[in-house]
Amino acid sequence: MELLRKFNTGINRILCVGMVVCFICMVILIFLQVICRYALDAALYWSEELASYFFHWATFLGASVAFYENTHISVTYFVDRVPSVRVRAFLLLIADSCCLWFLGMYIVDGFNVCRLVFKFGETAASMTWLPMGFVQLAIPLASVFMALNVLAYLIGHVRALVTGETGEAVAAV
């Protein structure tokens, strides 16, 4: 458990850096687009599309970090009112299992879609040098990181279910 937590911490720090890089690239591209369009009277036809792809990546990387930090929107009204630690851990274990199942579908189907997109050679509309597979890769890759974060919570909930002790993982998710 501790090894998974350290691994997730390191990965999520890298993902945060990736998000910052994506946002910096977005700002630079949009700034260049504005300068070129209004000051030079010549639009960069590809900058808006590339900025939206950076936003796509930042969104999915951010979703993974939100899983790690347990900041996704959740309704915990009923689970918080369950007096038994074991029952609460069991309910959270069901939620974790559903998340893992859903993320597993995203991982498998997402990698299959990426494989097909690379196979057929689809490229971005205004940038023929950019394979769309790299854009689509954000979904399954971020889902892998999300699943690792949910797995850490799941292990904590199993531990709480077995021992009956509350812990930081029981309060999570």
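This report walks through the helices, cores and surface of the structure above, which is a predicted model.

**Helix H1, end to end**

Let's start with helix H1, which covers residues 2-39. Is its length what you'd expect for 38 residues at 1.5 Å a residue, or not what you'd expect? The expected span is 56 Å and the end C-alpha atoms sit 55 Å apart, so the two agree. You can run the check again on H6: with 26 residues, this helix reaches 38 Å from its first C-alpha to its last, close to the 38 Å expected at 1.5 Å a residue.

**Two kinds of residue on H1**

Now for what H1 hides. Its buried residues are Leu4, Asn8, Ile11, Asn12, Leu15, Gly18, Met19, Cys22, Met26, Leu29, Gln33 and Cys36. Look at how the numbers in that list are spaced, and keep this in mind: an α-helix has 3.6 residues a turn, so residues three or four places apart point the same way. And what covers those buried residues of H1? The cover includes helix H2 (47-69) and helix H6 (138-163).

Then there's the surface. Val20, Ile24, Ile28, Phe31, Leu32, Ile35 and Leu40 together make a nonpolar surface patch of about 650 Å². One of them, Ile35, lies in H1. Why does Ile35 count as partly exposed? Its relative accessibility is 35%, and partly exposed residues fall between the 20% limit for buried and the 50% limit for exposed.

**The nonpolar cores**

Head inside and you'll find the largest nonpolar core, which has 19 residues. Leu15, Trp57, Leu61, Phe67, Leu103 and Met146 are the ones touching the most other members. Four helices each supply at least two residues of this core: H1, H2, helix H4 (85-120) and H6. Which helix gives the most to it? That's H2, with 7 residues.

Leu15 is a handy place to zoom in. Setting aside neighbours within four places in sequence, Leu15 is in contact with Leu61, Ser64, Val65 and Phe145. There's also a second, separate core of 10 residues, which includes Tyr53, Val117, Leu130 and Val135.

**Leu91 on helix H4**

Leu91 is found in helix H4. With a relative accessibility of 33%, Leu91 counts as partly exposed. Beyond its neighbours within four places in sequence, Leu91 is in contact with Val79 and Val82. Compare that with Val20: the C-alpha atoms of Leu91 and Val20 are separated by 35 Å, and the two residues are 71 residues apart along the chain.

**Positive phi angles**

Most residues other than glycine have a negative phi, and most peptide bonds are trans. So it's worth pausing at the residues below.

| Residue | Phi |
|---|---|
| Asp41 | about 55° |
| Asn70 | near 55° |
| Gly164 | about 80° |

Where do you find them? Asp41 is in the loop between H1 and H2, and Asn70 lies in the loop between H2 and helix H3 (77-80). Gly164 comes just after H6. Asp41 and Asn70 have a positive phi although Asp41 is not a glycine and Asn70 is a residue other than glycine.

Are Asp41 and Asn70 exposed or partly exposed? Asp41 counts as exposed because its relative accessibility is 70%. Asn70, with a relative accessible area of 32%, is partly exposed.

Conventions:
Residues are numbered from 1 along each chain as its sequence is written. This is a predicted model: local features need pLDDT of at least 70, side-chain atom pairs count only at pLDDT 80 or more; totals for chains, interfaces and linings use all residues. Side-chain values use heavy atoms; hydrogens and water are left out. Patches are made of residues with over 30% relative accessible area and no salt bridge: like charges are joined within 9 Å, nonpolar side chains (Val, Leu, Ile, Met, Phe, Trp, Tyr) within 5 Å. Accessible areas come from the Shrake-Rupley method with a 1.4 Å probe; for residues, only the protein chains shown count as cover. A salt bridge is a side-chain nitrogen of Lys or Arg within 4 Å of a carboxyl oxygen of Asp or Glu. Buried means under 20% relative accessible area, exposed over 50%, partly exposed in between (1.4 Å probe, protein chains only). The expected span of a helix is 1.5 Å times one less than its number of residues. Contact means heavy atoms within 4.5 Å. A nonpolar core is a set of buried Ala, Val, Leu, Ile, Met, Phe, Trp, Tyr and Cys residues joined through side-chain atoms within 4.5 Å.
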